[in-house]
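Colleague: I'd like to learn how to read a fold like this one. Could we go through it feature by feature?

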Amino acid sequence: MNHADRTKSPAILIIGASSGIGHGMAAEFYKRGWNVVGTARHLNDHTELHDLAAQSGGRVEVEAVDICEPGQITALRARLAERVFDIVFVNAGAANADPTETVAKISTEEFVTVMVTNALGPMRTIEALQDLVPADGLIGIMSSGQGSITNNTKGGFEVYRGSKAALNQNMRSYAARHAGDPRALLLMAPGWIRTALGGPDATFSLEETIPDIVNTVLAKRGTPGLAYLDRMGHTVPW
């Protein structure tokens, strides 16, 4: 399929699409007729995204970016300068190695890594890429229900919870700065899903959750302002 034919379909850029939820979203959007650009941290590492791209007839492309590295975000923006994406969705994220570790006990280095990956990197990314999304488009970030302060009645997963709460607050600040813009903004809480990040004991499989995640992303298009939603489209309390 040539470039002219591909431009007839809507396009999404998914940051962090090499495996897990990000790859699942890329495959689902592709299946629904979208053109997809997905990113991996390293272009030369073979991933599930590369396999999807290989059999897509040019409708799935692979880019590389590490959102913890500002220079790589800038370089990605330069490479995509002439592109337009109906949706930009930042899925990249991380957790600390020991989820039972309290904030007081985690090493400073690991705390900084999680915070940069989950709270700072995503915001730098959307600030850099926002102009690639038209006024009627959507900018989304993968958050978590564990980022909800209201719903935190049991504790646990302290560092991860804190990083996602920080992300949510940062995104609310971004939305406030862009109040009145027609663009849709979304923080997605997908649920506990069996991935490398979620672990083998998670409640839900990728197969049963990805279609709901994509449905909710698509349903938010055309609705200005920020929403914090679970995969079924229900509002999550801040």
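Modeller: Sure, and let's begin with a term we'll need: a crossing of two helices is right-handed if the near helix is turned clockwise from the far one by less than a right angle, and left-handed if anticlockwise. Keep in mind that this is a predicted model. With that term in hand, the crossing of α5 and α6 is right-handed.

Colleague: What angle do α5 and α6 make, and how far apart are their axes?

Modeller: The general idea is that two packed helices are described by the angle between their axes and the distance between the axes. Here α5 and α6 pack at about 20°, and their axes are 9 Å apart. Angles under 35 degrees count as roughly parallel, so α5 and α6 are roughly parallel to each other. On the α5 side the contact includes Phe 111, Met 115, Pro 122 and Ile 126, and among its partners on α6 are Val 159, Ser 163, Leu 167 and Tyr 174.

Colleague: Let's stay with α6. How many residues does it have, and what length does it reach?

Modeller: Helix α6, residues 158-177, has 20 residues. From first C-alpha to last it reaches 29 Å, close to the 28 Å expected at 1.5 Å a residue.

Colleague: And which residues of α6 are buried?

Modeller: Start with the general pattern: an α-helix has 3.6 residues a turn, so residues three or four places apart point the same way. In α6 the buried residues include Tyr 160, Ser 163, Leu 167, Met 171 and Tyr 174. Besides α5 (108-129), the buried residues of α6 pack against the strands β5, β6 and β7.

Colleague: Which residues does α5 meet in α4?

Modeller: From α4 (residues 70-79), they are Pro 70, Ile 73, Leu 76 and Arg 77; facing them in α5 are Gly 121, Arg 124, Thr 125, Ala 128 and Leu 129. The axes of α4 and α5 come within 10 Å and cross at roughly 25°, so these helices too are roughly parallel to each other. The crossing of α4 past α5 is right-handed.

Colleague: Now the sheet. In what order do the strands come, and is the pairing parallel or antiparallel?

Modeller: Generally, strands of a sheet pair through backbone hydrogen bonds, either parallel or antiparallel. In this model seven strands make an open sheet, ordered β3-β2-β1-β4-β5-β6-β7, with parallel pairing. At the edges are β3 (60-64) and β7 (225-230); each has a single partner strand, so one side of each is left without a neighbour in the sheet. From one strand to the next, the twist averages 20°.

Colleague: How would I trace the bridges between two neighbours?

Modeller: Take β1 and β2 (residues 35-40), which pair in the parallel sense over four bridges. Ala 11 stands opposite Asn 35 in β2, and Ile 14 has Gly 38 as its bridge partner there. You can do the same with β4 (residues 87-90) and β5 (residues 138-142): four bridges join these parallel strands, and Phe 89 is partnered by Gly 140 in β5.

Colleague: Which way do the β1 side chains point?

Modeller: In a regular strand the side chains alternate between the two faces of the sheet. In β1, Ala 11, Leu 13 and Ile 15 point one way, Ile 12 and Ile 14 the other, and all are buried. Five of the five residues of β1 are buried, so the strand is largely enclosed by the rest of the structure. For β2, Asn 35, Val 37 and Thr 39 on one side and Val 36, Gly 38 and Ala 40 on the other are all buried.

Colleague: Which helix lies across β6?

Modeller: That's α7 (residues 206-220), which lies across β4, β5, β6 (184-189) and β7 and runs at about 160° to β6.

Colleague: Last, the loops. Is Ser 148 buried or exposed?

Modeller: Buried means under 20% relative accessible area, and at 1% Ser 148 counts as buried. Ser 148 lies in the loop between β5 and α6 and touches Tyr 228, Val 236, Pro 237 and Trp 238, leaving aside residues up to four places away in sequence. Phe 157 is found in that β5 to α6 loop too, but is partly exposed at 37%. Its phi is near 50°, a positive value in a residue other than glycine.

Technical notes: Residues numbered from 1 in each chain as written. Predicted model: local features only at pLDDT ≥ 70, side-chain atom pairs only at ≥ 80, totals over all residues. Heavy atoms only, no water. Pairing = 2+ DSSP bridges. Axes fitted to C-alpha atoms, helices over the stretch in contact; angles between N-to-C directions. Contact = heavy atoms within 4.5 Å. Expected span 1.5 Å × (residues − 1). Buried < 20%, exposed > 50% of the residue type's maximum accessible area, 1.4 Å probe, protein only. Parallel < 35°, antiparallel > 145°, perpendicular 65-115°, else oblique.
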